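The following paragraphs lead through a structure, beginning with the contact between its chains and ending with individual residues. Please keep the sequence and the coordinates at hand while reading.

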Number of protein chains: 2
Amino acid sequence: MSSARPVAATLPQPLRMSTLFVRTLREDPADAEVASHRLLMRAGYVRRAAPGIYTWLPLGLRVLAKVEAVVREEMVAAGAQEVHFPALLPRDPYEATGRWAEYGSNLFRLADRRGGDYLLAPTHEEMFTLLVKDLYSSYKDLPVTLFQIQTKYRDEARPRAGLIRGREFVMKDAYSFNVDDEGLDTSYQLQRDAYQRIFERLGLDYVIVAATSGAMGGSRSEEFLTPTPIGEDTFVRSPGGYTANVEAVVTPAPEPVPYDDAPAAHVEYTPETPTIARLVQVANEMHPRPDRPWEAADTLKNVVLALTHPDGERELVVVGLPGDRDVDLKRVAAVFEPAEVEPATEEDLAARPLLVKGYIGPQVLGPNVRPAGVEVGSPEDTAIRYLVDPRVVEGTRWITGANSSGQHVFDLTVGRDFAVDGTIEAAEVRAGDPAPDGSGPLELARGIEIGHIFQLGRKYARALGLQVLDVNGKQVTVTMGSYGIGVSRVMAALAEANHDDVGLAWPAQVAPAHVHVVATGKDAAVFEEAERIVAGLAGQGVEVLYDDRPKVSPGVKFKDAELLGVPLIVVVGRGLAEGIVEVRPRAGGDPEKVAVDEVVEHVTGQVVELLA
Amino acid sequence: MSSARPVAATLPQPLRMSTLFVRTLREDPADAEVASHRLLMRAGYVRRAAPGIYTWLPLGLRVLAKVEAVVREEMVAAGAQEVHFPALLPRDPYEATGRWAEYGSNLFRLADRRGGDYLLAPTHEEMFTLLVKDLYSSYKDLPVTLFQIQTKYRDEARPRAGLIRGREFVMKDAYSFNVDDEGLDTSYQLQRDAYQRIFERLGLDYVIVAATSGAMGGSRSEEFLTPTPIGEDTFVRSPGGYTANVEAVVTPAPEPVPYDDAPAAHVEYTPETPTIARLVQVANEMHPRPDRPWEAADTLKNVVLALTHPDGERELVVVGLPGDRDVDLKRVAAVFEPAEVEPATEEDLAARPLLVKGYIGPQVLGPNVRPAGVEVGSPEDTAIRYLVDPRVVEGTRWITGANSSGQHVFDLTVGRDFAVDGTIEAAEVRAGDPAPDGSGPLELARGIEIGHIFQLGRKYARALGLQVLDVNGKQVTVTMGSYGIGVSRVMAALAEANHDDVGLAWPAQVAPAHVHVVATGKDAAVFEEAERIVAGLAGQGVEVLYDDRPKVSPGVKFKDAELLGVPLIVVVGRGLAEGIVEVRPRAGGDPEKVAVDEVVEHVTGQVVELLA
């Protein structure tokens with residue numbers, strides 16, 4: 001019986017270096033900071049068109065297509081259905097969810113010829129929600145998970161590292177729709193499993209870490225990070241298996257301390273102590289403690305931060321934390337998203353004369369200065385919000401600013417002498433800090449975020465009115481998940497993980513070809529034999545890149561082969577006189593001498609093994 | 001020997017209607033004017049996201065992917081190499097070629113967070129030129145032809161007809177690079193041949209017509225049109241095989257007429273004759289010609305047009321043409337691109353008191369009023385340009401306006417009484433007009449432009465400095481071709497060409513599935529047998545859409561099958577009791593009764609035939 005899909009149609013055409021649209025560069029491009037960027041440029045996989053915007057050359061496009069194919073196959077295997085949304089979208093849906101404003105300068109906005117507001121989508125929650133609303137109306141229609149592999153836009157303040165943080169990039173985004181939370185858990189788990197299979201198939205090392213959900217909203221959220229020293233993300237792990245993005249690390253709060261017997265707070269003269277180090281020194285000199293010396297951890301440092309909200313409003317907040325810890329602005333940013341956070345400026349401080357730089361204390365902040373009867377957050381409440389590190393628990397006693405130059409207050413006690421507006425995860429996480437689940441001391445590492453899965457919950461469905469009839473005929477709001485993989489970034493991460501000093505070394509699953517055949521010298525017989533090998537391999541379904549350039553030296557050809565990173569290099573050259581060709585694995589391992597009659601079968605076998 | 005590409009990996013997964021993300025609509029959408037738009041919406045292939053901007057649902061995406069695959073295969077077979085450019089591009093290259101301004105309101109423009117100017121690319125000539133300049137430097141590197149299949153943007157004034165004229169759409173654009181004109185001819189022909197194969201494989205009827213090259217610049221240009229009454233383009237063909245887009249039709253110019261014996265021009269009183277019909281009537285009444293009556297073709301109609309140039313300048317031009325012809329604004333627009341053309345307004349005329357509405361004559365226009373010593377087009381030359389239809393040749397005598405209300409001049413003779421600035425293809429083309437190559441009378445028809453191939457020449461290479469060393473070591477400017485296929489538009493054209501009153505009827509090559517298996521009734525045995533057939537077909541590589549919905553009536557299932565348009569419909573139902581299933585070809589032809597044991601083999605054979 002004949003098949004509707006003849007095998008022959010899928011046989012790959014060999015690529016020939018003599019005509020392939022590629023030029024390798026011997027020098028590193030000036031703006032390339034990381035290996036993947038440097039090597040993808042040098043090997044002629046991509047070219048820069050504008051900051052954070054890249055053109056894909058033939059070899060780069062082949063690798064990208066293979067990464068996409070793996071992602072697509074696993075999405076389909078997980079039951080997700082592929083759709084494709086426009087990149088150019090009208091403002092309305094993003095206005096309905098507030099994200100038109102929340103995205104701030106990260107959003108590319110434009111107007112059409114009629115003055116209608118549009119955006120280049122950074123992500124598509126709104127559109128998927130509206131599409132399901134358009135098609136579906138009953139619990140019987142659910143669950144459904146949809147995905148697309150599509151070009152996305154984000155006007156990054158600092159596009160960097162080539163494909164790792166670009167402004168136009170390829171993403172797989174998927175969205176699940178369920179009637180209830182249990183269903184969401186199931187859909188989330190299906191995507192989570194698919195992500196694990198994807199990264200395993202791609203041979204990309206990964207860790208799954210707890211994450212904050214940021215501007216997406218929602219509850220549960222995990223990131224897939226591939227560990228690498230050049231990663232922008234910091235994560236923690238404990239010996240007992242706790243992992244989290246550093247932004248998501250929860251500081252274990254100590255038990256409250258009894259303070260019935262605590263001495264009363266007392267203001268002391270501490271001249272010229274604007275820094276913690278100097279304060280500790282002066283405290284020990286002028287106000288020593290009998291049992292042991294004062295340490296930075298005995299002081300309460302109050303850091304003034306300025307938030308810029310999406311509506312443009314600027315708000316000052318003060319964060320109180322033990323003096324031996326610094327504020328981690330990325331952790332703070334995750335708390336206040338979508339507002340932007342920066343240290344307060346001199347102007348900010350000048351506008352608030354109560355804040356005495358270097359001597360700020362909680363007594364003038366937050367609930368401590370609120371007039372009687374005014375509620376926290378009410379319009380009459382104009383106090384500066386005061387948030388503290390979770391270690392600043394009730395009953396703890398601190399040396400902190402007395403809001404007067406050269407003065408600090410000692411034994412200021414939480415819950416007795418001052419109140420707070422709440423706690424905040426603002427302090428840096430340090431190696432050795434305890435894991436929140438008691439699983440041991442944390443280790444810090446860096447990684448690239450390659451995937452992110454969220455339980456969005458009902459935020460988008462509510463904002464856009466996505467309801468279905470439930471089993472009782474009642475309208476219920478649908479609950480959603482959102483699942484992203486940075487496809488072009490994954491390709492960069494693969495390059496980052498698979499290279500050496502002289503070039504790339506792709507895993508066979510994503511390599512632009514399986515075998516790089518290099519014909520050396522000027523002997524016509526060499527080129528004829530190489531052609532036969534190339535044809536033989538292609539006939540077995542092996543993808544071949546064939547260096548058939550007649551006037552290029554063997555040295556240049558070998559350098560190019562090492563730079564381009566095809567996993568198996570077959571050298572057809574002088575050995576041919578003895579009936580021998582050489583097979584070199586690019587990623588390391590010993591070169592083999594193989595009889596020319598056996599090379600097609602031998603190499604095909606190796607390719608099948610590499611692809612398994 | 002094991003193959004590196006196992007066949008099993010390519011086996012298609014059946015689609016199940018019970019879970020497929022699709023909902024058919026019984027009613028036509030309000031805004032859908034043409035069949036393809038109406039049916040693609042009703043059958044759940046696409047949804048509108050904004051005017052001219054569509055979302056692809058699973059079935060639509062499958063068809064689009066198949067059209068893309070055919071285009072890609074034929075591009076690769078023609079030796080073109082695939083790359084991929086960003087859609088978001090910086091202004092600079094488009095400024096260098098003048099197109100940043102020339103595109104006018106058709107271009108989506110935006111600024112990034114630093115105020116840099118960007119555009120959403122409507123086409124990529126500039127970027128391809130710069131990329132080849134970046135990589136190549138010698139004649140030895142050429143020829144090369146590159147292509148991409150990519151999302152493009154054009155801010156159409158009137159997006160319409162669904163995918164046929166959208167604002168975000170998928171295009172294949174290819175560009176060839178050669179050192180000399182002969183090479184360009186070869187590259188052009190290779191693409192032209194590939195286009196023919198593509199449309200033949202897709203089963204899409206097409207004509208190749210001569211075209212104008214418009215804003216692209218360049219010399220030779222042909223369009224591929226698919227004939228359909230709903231097409232936006234008008235083309236002509238002659239019995240002898242001449243074909244052209246109506247904009248490109250060249251009017252054969254008659255031989256000059258001797259005018260030594262012609263009577264002198266004489267102004268006559270022709271009261272209230274602002275129209276040609278009225279003028280002919282009055283001329284015959286008041287100034288009859290002895291031999292035969294005056295006809296509209298004896299009058300010279302002068303039409304005032306207003307051009308808006310890309311720099312915003314507004315210019316009036318007057319077009320003189322035989323009074324029995326109307327101006328075809330689309331033909332005029334093709335001449336003046338990138339300027340925009342419209343009929344002059346009352347305000348335009350009011351600002352030029354010399355132009356007496358209804359009585360305009362050449363005597364106050366163009367070279368006829370130029371002061372001595374002023375050259376045409378020089379800064380001192382402020383006369384209104386006067387261009388005439390090619391039929392207005394030297395020695396022809398005309399009745400035309402005398403630039404005074406109620407007055408016309410008779411026997412005004414070209415070359416004796418007035419001069420012109422040149423000729424223009426502005427007059428409408430009519431059925432029966434002679435083909436310019438003498439191949440007989442023209443017939444007019446309408447079509448959708450599905451492909452366009454251009455010999456760009458050196459315009460872009462010159463503007464962007466793309467030179468290579470030639471064989472003599474001299475820098476020469478590269479010559480280019482540009483070749484486009486509207487991929488999403490081709491899909492709409494296929495729907496337009498393959499439907500009936502009740503739905504779509506896809507060719508097997510692009511259908512979302514090859515076979516639509518419909519299980520009817522409530523009998524579990526029917527569904528079990530249908531499952532076996534579906535699995536059997538899938539095992540043969542046949543793509544199956546299986547209507548497995550348990551509670552949907554046979555009538556609804558059949559309606560859906562007819563609407564969705566899969567080429568073969570297999571009905572598994574009551575006949576099963578007699579061991580029979582029914583196979584219905586969607587596009588027409590008799591249904592067959594097939595024994596259930598043979599249906600997999602039988603239908604697979606039919607699919608193989610349809611795909612051949």
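Six salt bridges are counted between chain A and chain B in this model, which is a predicted one. One salt bridge joins the side chains of B:Arg167 and A:Asp112, with a nitrogen-to-oxygen distance of 2.9 Å. Across the interface of the two chains, 25 residue pairs are found in polar contact, with both residues at pLDDT 80 or more. On the side of chain A that touches chain B, the residues comprise 38 nonpolar, 12 polar and 16 charged.

The extent of the interface can be described by residues and by area. From chain A, 66 residues are in contact with 66 residues of chain B. Between them, the two chains bury about 6,000 Å², and 60% of this area lies on carbon and sulfur atoms.

How are the two chains related in space? A turn of 180° with a shift of 0.0 Å along the axis lays chain A on chain B, with an RMSD of 0.1 Å. This is therefore the relation of a two-fold axis. The same surface serves both copies, since 100% of the contact residues of chain A recur in chain B. Which residue of chain A comes closest to the rotation axis? That residue is A:Leu110, whose C-alpha lies at 2.6 Å from the axis.

Within chain A, helix 7 spans residues 276-286. Its buried residues are A:Ile276, A:Leu279, A:Val280, A:Val282 and A:Ala283. Where do the buried residues of helix 7 pack? They pack against three strands of chain A: strand 15 (300-308), strand 19 (397-401) and strand 20 (407-413).

A further residue to examine in chain A is A:Gln196, which belongs to helix 6 (residues 181-201). Is A:Gln196 buried or partly exposed? Its relative accessibility is 22%. Because buried means under 20% relative accessible area and exposed means over 50%, A:Gln196 counts as partly exposed. When its neighbours within four places in sequence are left aside, A:Gln196 is in contact with A:Tyr206, A:Ile208 and A:Phe224. For a pair separated in both sequence and space, one may take A:Gln196 and A:Leu120: they are 76 residues apart in sequence, and their C-alpha atoms are 30 Å apart.

Technical notes: Residues numbered from 1 in each chain as written. Chains lettered and ligands numbered in written order. Predicted model: local features only at pLDDT ≥ 70, side-chain atom pairs only at ≥ 80, totals over all residues. Heavy atoms only, no water. Buried < 20%, exposed > 50% of the residue type's maximum accessible area, 1.4 Å probe, protein only. Helix = DSSP H or I, 4+ residues; strand = E, 2+ residues; numbered from the N terminus. Contact = heavy atoms within 4.5 Å. Buried area = accessible area lost by both parts, 1.4 Å probe. Salt bridge = Lys/Arg side-chain N within 4 Å of Asp/Glu carboxyl O. Polar contact = N/O pair within 3.5 Å; in protein donor to acceptor, adjacent residues only side chain to side chain. Nonpolar A, V, L, I, M, F, W, Y, C, P; charged D, E, K, R; others polar. Least-squares fit on C-alpha atoms with pLDDT ≥ 70 in both.
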